[in-house]
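Work through the exercises below with the coordinates open. Each task is followed by a solution in steps.

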Amino acid sequence: KNSVKAMEKELVTCSLQGKEKAVLNRSQIFQILEGKYLDTKVIVVLGKAGMGKSILVQKICQDWSNGEFPQFEFVFWFDCKQISLPERRYSLKDLLVEFFIKPQEGSKEIFEYLLQNPAKVLLVFDGFEGLHDHDNSPRCSASQPEEDLCSIKELLSGLIQKKILNGCTLLLTARPKDKVYQYVSKVDKTIEIVGFSPQQRELYITKYFEGLPYCDNALKLIKECEYLFSHCYSPVMCRFVCFLCETVLEMGDESLPSTLTTVFLKFVQQKIIPMQTDVTAVQNQESLATLARIAWYLGEKHQSAMKSDLLPSKEVKEFALKYGFFLPFAFPRHSDSGEEEFGSTFSDFVIQNFLGALHLMLAEDIKDKSLTKYLSFPSKKKKPYNWLDLVPRFLAGLLFLQDDPYFCSLSNKDVKQSTKKQKTLLKYIRRLQINELCPERLLELLHCIYETQSNYLLQHVALRLKPDLSFLGIVLTPPDVHVLRSILKKSRKEFSLDLRNSSIDMQGLKDLAGLKNVASFRASLSDTVKLWKSLEQTKDYELLRASIEKFVLDPFKAKTMKDITDLSDLVEMQEKMINCVQDASGCSSYEIPAIKNLRKLEFALGPVCGLQGFLKLVEILAAFPSLQHLDLDALSENGIGDEGAESLSEVFPTLKSLETLNLSQNKITDVGAEKLATALPFLSSLKTLSLYNNSICDFGAENLAKVLPAMASLRVLDVQYNKITGVGAQQLTDSLRKCPHIKNLVMWNPTIPYGVLEHLQQLDSRISV
């Protein structure tokens, strides 16, 4: 038990602080906490691929050039995928001076100035995930890292370890799943880009079509296709959907594709088909197949860029650049080398994913049976096979599109072989233990099935979902919510959903909570209260009533002051609900079921906010009529002390249902014990009282001994690891004789002589150590 507690305590101390949602201006990004000016400062910007991290850093560079961020005299921006090819080696001077500034003269003086004034330097590494593969990031071993040639990974390692340019500011962008913290030991600030809200999506779409005759039609068309509109939370996907919508409207069509796979199939087709003849069609098919193979080959190595001279032919290179699949770039040059070298990178991460999936479909050497290993939902918690995390969705979608004219125009594949691959997927999913999948894999499966648009598969999965679905701590994006909701609607079961710490937006929470077959749900308190207030404002009383009835709070664990504030808001909300949610009979009082049914409440704010938070909690304890278990034994020790104990004792008369009270490790002394003892008889249902590891002495033990006979419901009292001596132990033992209802008194204390405790134990076998 102790080792488990120690391990948990370690986890508590090492865990990152809870995320706070807030709108952040670019000017606030470099506001670092006081006292961090001397060392290198590391700021990490997280966001899924396509969320706009690169746009953000470009905008920061633009702001700086316009006079913002005057603390920096030099700003260097590097696209990691372009500088991180394994064979490339640089010195810091190469990277900063020769490549970036390219001065005609005085390069040595400029570099010396940079080394002497690191605080005036901002280094931006965009796409940090491009700097590492499966191996751990190497340590910088160069003896003179400023001058010696190193890989870009070693250079960045030297910067992070403060061996190079100590005192500069590092801004790294990366995807959330890339575990930046394994490679960067110290992060001063973490910012996560969460994408567009529904209102921002509408604004982007309106701006995209501004001035065009079909502007209003475009927004209506995209919003009607809810799945595509949900994907528009990602800026890069929003751009794709707008491009496609523009093409569709210009052709006079009135509907958009229904899945991501068909969107990208049409996107590729719209780029290639209008410009090709019969002669070029076959050549384009071959070039596309080659490009798809490159996409997969690079993806397996966690790369999206390559040297241009490694492309297999001039035709493929021209094809890739002509249709916008590739973008060219120049490599950083060594000061002593001659001509500039060029590379090519996929214009977009999603394009690389789509082409990677296309390769798996077209490649003859990939047999139908081996396809399943490229899907990301094995039953055990394994990492996804591939870095290209959208490939499984596109692959599943393409397997069900072999008769599609667009797909046929891109490939000269034998349809029979594609049908065999489709049957392999069907067989694989039929055998899958869907109810055993962890939440991430389940979501991945749901996306893949949705892309197939196979009614059979959608129904098959819906029927096999377990009734209790937990997405605790799993980020649920708008497309995740759409897919989950679509499949839940197809099931006849009733579901219970746990959506806590899932970053679900209000629309998503409303959509899931509103499903008829969702019988109950848990979500963050603040999000739930916001939803209810929104429904109240829009007078959607039916959904308001339904979501209130379904909301579950028990058991609740308060870890931050925000949790206590949110709980207070919920109690306050109950007062407001009386007016807008009444029983059919018209009775004037209404109890929110989640408040009425809360049975277990854990308090774990730790020593810094423990007392302050607890005093606020005590004010609302009376609002929970069914509270049976109040646990203040936190791993980081709340330390509510005598003031907290006194405050709690004052509300004992209202806690009629309380059966377990755990006040262990809270720095309670005789003063607090006396206050508690006076009020304990009011707890008419109390069965277990733990005061383990406090600072209670004989006077406190005496006060507890006096009230034990009056506590008829008490069965277990734990006062071990206090400062009680043989005198207090004797008083408790004497009182125990008058308490036949008590089953166990745990009172080993280092201050009680062992012989005394052994003697008392012989007198009454209910005393245990």
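The exercises cover a helix pair, backbone outliers, a sheet and salt bridges in this predicted model.

**Exercise 1. Helix packing**

Task: Find how the axes of helix H21 and helix H22 cross, and which residues meet.

Solution.
- Step 1. Two packed helices are described by the angle and the distance between their axes.
- Step 2. Take H21 as residues 506-513 and H22 as residues 525-537. Their axes come within 10 Å and cross at roughly 80°.
- Step 3. Angles of 65 to 115 degrees count as roughly perpendicular. H21 is therefore roughly perpendicular to H22.
- Step 4. List the contacts. H21 contributes Met 506, Leu 509 and Lys 510. H22 contributes Asp 527, Thr 528, Lys 530, Leu 531, Ser 534 and Leu 535.
- Step 5. Classify the residues of this contact: four are nonpolar, two polar and three charged.

**Exercise 2. Backbone outliers**

Task: Locate the cis peptide bond at Pro 555, then place Leu 165 and Lys 539 and decide whether each is buried or exposed.

Solution.
- Step 1. Most residues other than glycine have a negative phi, and most peptide bonds are trans.
- Step 2. Check omega. The bond from Asp 554 to Pro 555 is cis, with omega near -10°. Pro 555 sits in the loop between helix H23 (541-550) and strand E12 (556-558).
- Step 3. Check phi at Leu 165. The value is positive, about 50°, although the residue is not a glycine. Leu 165 belongs to the loop between helix H6 (152-160) and strand E4 (169-174).
- Step 4. Check phi at Lys 539. Here phi is positive too, at about 60°, and again the residue is not a glycine. Lys 539 is in the loop between H22 and H23.
- Step 5. Apply the cut-offs: buried is under 20% relative accessible area, exposed is over 50%. Leu 165, at 5%, is therefore buried. Lys 539, at 58%, is therefore exposed.

**Exercise 3. The sheet**

Task: Give the strand order of the eight-stranded sheet and find which strands stand at the edges.

Solution.
- Step 1. The order reads E12-E13-E14-E15-E16-E17-E18-E19, in an open sheet with parallel pairing.
- Step 2. Look at the ends. E12 and E19 (767-768) each have a single partner strand, so one side of each lacks a neighbour in the sheet.
- Step 3. Inspect one pair. E17 (residues 716-718) and E18 (residues 744-746) pair in the parallel sense over three bridges. Leu 717 has Leu 745 in E18 as its bridge partner.

**Exercise 4. Salt bridges**

Task: Out of 17 salt bridges in the structure, examine those of Asp 505, Lys 223 and Glu 226.

Solution.
- Step 1. Side chains of opposite charge can pair when their charged atoms come close.
- Step 2. Asp 505 meets Arg 201 at 3.9 Å, N to O. The partners are 304 residues apart: Asp 505 is in the loop between strand E10 (495-498) and H21, Arg 201 in helix H7 (residues 198-208). Asp 505 is partly exposed at 24%, whereas Arg 201 is buried at 5%.
- Step 3. Lys 223 meets Glu 202 at 2.6 Å, N to O. This pair links helix H8 (residues 215-224) to helix H7, 21 residues apart. Lys 223 is partly exposed at 36%, and Glu 202 is partly exposed at 26%.
- Step 4. Glu 226 meets Arg 485 at 3.9 Å, N to O. Glu 226 is in helix H9 (residues 226-231) and Arg 485 in helix H20 (residues 478-488), 259 residues apart.

Conventions. Residues numbered from 1 in each chain as written. Predicted model: local features only at pLDDT ≥ 70, side-chain atom pairs only at ≥ 80, totals over all residues. Heavy atoms only, no water. Axes fitted to C-alpha atoms, helices over the stretch in contact; angles between N-to-C directions. Helix = DSSP H or I, 4+ residues; strand = E, 2+ residues; numbered from the N terminus. Parallel < 35°, antiparallel > 145°, perpendicular 65-115°, else oblique. Contact = heavy atoms within 4.5 Å. Nonpolar A, V, L, I, M, F, W, Y, C, P; charged D, E, K, R; others polar. Buried < 20%, exposed > 50% of the residue type's maximum accessible area, 1.4 Å probe, protein only. Pairing = 2+ DSSP bridges. Salt bridge = Lys/Arg side-chain N within 4 Å of Asp/Glu carboxyl O.
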